Structures are given as C-alpha cells and as structure tokens.
Amino acid sequence: QVQLVESGGGLVQAGGSLTLSCKVSESDFKIHTMVWYRQAPGKQRESVAQITSGDFAIYDASVKGRFTISRDNAKHTLVLQMNNLKPEDTAFYYCNYIIPGSWGQGTQVTVSS
C-alpha cells in the first residue's frame with residue numbers, strides 16, 4: 001500500500017512562509033499527477049495545486065501567485081512552497097493523486113492574523 005507522509009506545517013504569522021513536503025512510497029511516483037489538498041475546519045477538502053508528470057502546474061485561484069508546487073522524482077517527494085500566507089490558508093494539508101487513494105495524516109498549517 002502506498003504511503004503518503006506530509007511534513008513541514010506549523011504556526012506562522014500572516015505574510016509568512018512555509019514549505020510543505022510529502023514523501024510518497026510508490027516507485028512509479030514520477031508518472032503520476034500529484035495534488036496538494038487542504039481541509040479547513042468545518043469545510044470540505046479542496047485541491048489547491050497540482051503538478052503533472054511533465055511538471056505542468058495548476059493552481060486554485062485562492063493560492064495562485066503565492067504557492068508553488070514542485071516535485072523531486074528522484075526522492076519521490078512533492079513540495080509546496082507557500083508564501084504570503086493568509087489566515088484563510090489555515091487548514092490541514094494533504095498530498096495525494098489526482099484520483100485520491102488512501103490519505104496520509106496531513107500536516108497542519110495555522111496562520112495567525
């Protein structure tokens with residue numbers, strides 16, 4: 001079973017930055033479109049950024065220009081660089097496939113105003 005292990009979350013003030021990482025235990029990681037999702041308290045999980053096997057990235061309008069998704073296929077790692085964080089970015093962040101499988105534990109991001 002594929003394991004997804006997210007890390008890098010924390011508490012940061014508005015305007016600050018965080019870098020999230022996701023280690024994926026699948027040997028074919030490089031062929032998959034990968035997605036960063038987030039779930040805020042009381043809200044549904046949503047996609048915020050995705051990256052194809054060819055490194056084409058798509059962002060939700062709420063994070064475009066502030067977040068950057070990237071991948072290191074040699075290390076089976078997905079990265080989300082988050083800049084100019086806002087209180088509304090507060091959520092648990094998860095990585096998964098474009099068609100999600102089992103979920104990891106996520107990493108919590110809290111942005112104070």
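Partly exposed, in this talk, means a relative accessible area between the buried limit, under 20%, and the exposed limit, over 50%. Keep that band in mind for the first residue. One caution before we go on: this is a predicted model.

Start with T19. It belongs to strand 3. Its relative accessibility is 36%, so T19 counts as partly exposed. What does T19 touch, beyond residues up to four places away in sequence? The list is S7, G8, V79, L80 and Q81. Now set T19 against Q44. The two are 25 residues apart in sequence. In space they are 23 Å apart, C-alpha to C-alpha.

Stay with strand 3 for the disulfide. How many disulfides does a search of the whole structure find? One. C22 and C95 form it, with their sulfur atoms 1.7 Å apart. C22 sits in strand 3 and C95 in strand 9, so the link joins distant parts of the chain, 73 residues apart. Are these cysteines buried or exposed? Both C22 and C95 are buried.

Next, the core. The largest nonpolar core has 26 residues. Which of them touch the most other members? W36, L78, L80, M82 and Y93. Several elements give two or more residues to this core. They are strand 3 (18-24), strand 4 (34-39), strand 5 (46-51), strand 7 (67-72), strand 8 (77-82), strand 9 (91-97) and strand 10 (107-112). As a general point, nonpolar side chains in soluble globular proteins tend to be buried together.

Take M82 from that group. Leave aside its neighbours within four places in sequence. M82 is then in contact with G16, S17, L18, L20, R66, F67, Y93 and V109.

Now strand 4. Five of its six residues are buried, so strand 4 is largely enclosed by the rest of the structure. What does it pair with? Strand 4 and strand 5 run antiparallel, joined by five bridges. Strand 4 and strand 9 also run antiparallel, joined by six bridges.

W36 shows both pairings. In strand 5, W36 stands opposite A49. In strand 9, the bridge partner of W36 is C95. That is the C95 of the disulfide with C22. One residue along, Y37 has S47 as its bridge partner in strand 5.

Y37 takes us to the aromatics. The whole structure holds three aromatic pairs. In one of them, the rings of Y37 and W103 have centres 5.1 Å apart and planes at 80 degrees. Why is that pair edge-to-face? Because plane angles over 60 degrees count as edge-to-face, and this one is at 80 degrees. Y37 is in strand 4, while W103 is in the loop between strand 9 and strand 10, so the pair ties together parts that are 66 residues apart in sequence.

The two partners differ in exposure. Y37 is at 9% relative accessibility, so it counts as buried. W103 has a relative accessible area of 33% and is partly exposed. Y37 and W103 also belong to one aromatic cluster with F92 and Y94.

Two charges sit over rings. The charged end of R45 is over the ring of W103, 3.8 Å from its centre. The charged end of R71 is over the ring of F29, 4.6 Å from its centre.

On to the turns. The hairpin of strand 4 and strand 5 has six residues between the strands. There, G42 takes a positive phi near 75 degrees. Strand 5 also pairs with strand 6 (residues 57-59), antiparallel, over three bridges. I51 stands opposite A57 in strand 6. This second hairpin has five residues between its strands. D55, in the turn, has a positive phi of about 70 degrees.

Why pick out positive phi values? Because most residues other than glycine have a negative phi. Two loop residues complete the set. H76 lies in the loop between strand 7 and strand 8. Its phi is near 50 degrees, positive in a residue other than glycine. N84 is in the loop between strand 8 and strand 9. N84 is not a glycine either, and its positive phi is about 50 degrees. With 42% relative accessibility, N84 counts as partly exposed.

How values were computed
Residues are numbered from 1 along each chain as its sequence is written. Side-chain values use heavy atoms; hydrogens and water are left out. A nonpolar core is a set of buried Ala, Val, Leu, Ile, Met, Phe, Trp, Tyr and Cys residues joined through side-chain atoms within 4.5 Å. Buried means under 20% relative accessible area, exposed over 50%, partly exposed in between (1.4 Å probe, protein chains only). Helices (H or I, at least four residues) and strands (E, at least two) are DSSP runs, numbered from the N terminus. Contact means heavy atoms within 4.5 Å. Rings of Phe, Tyr and Trp (its six-membered ring) pair if their centres lie within 6.5 Å; planes under 30 degrees apart count as stacked, over 60 as edge-to-face and the rest as tilted. A charge sits over a ring if NZ of Lys or CZ of Arg is within 6 Å of the ring centre and within 35 degrees of the ring normal. Two strands pair if DSSP finds at least two bridges between them. A disulfide is a pair of cysteine sulfur atoms within 2.5 Å.
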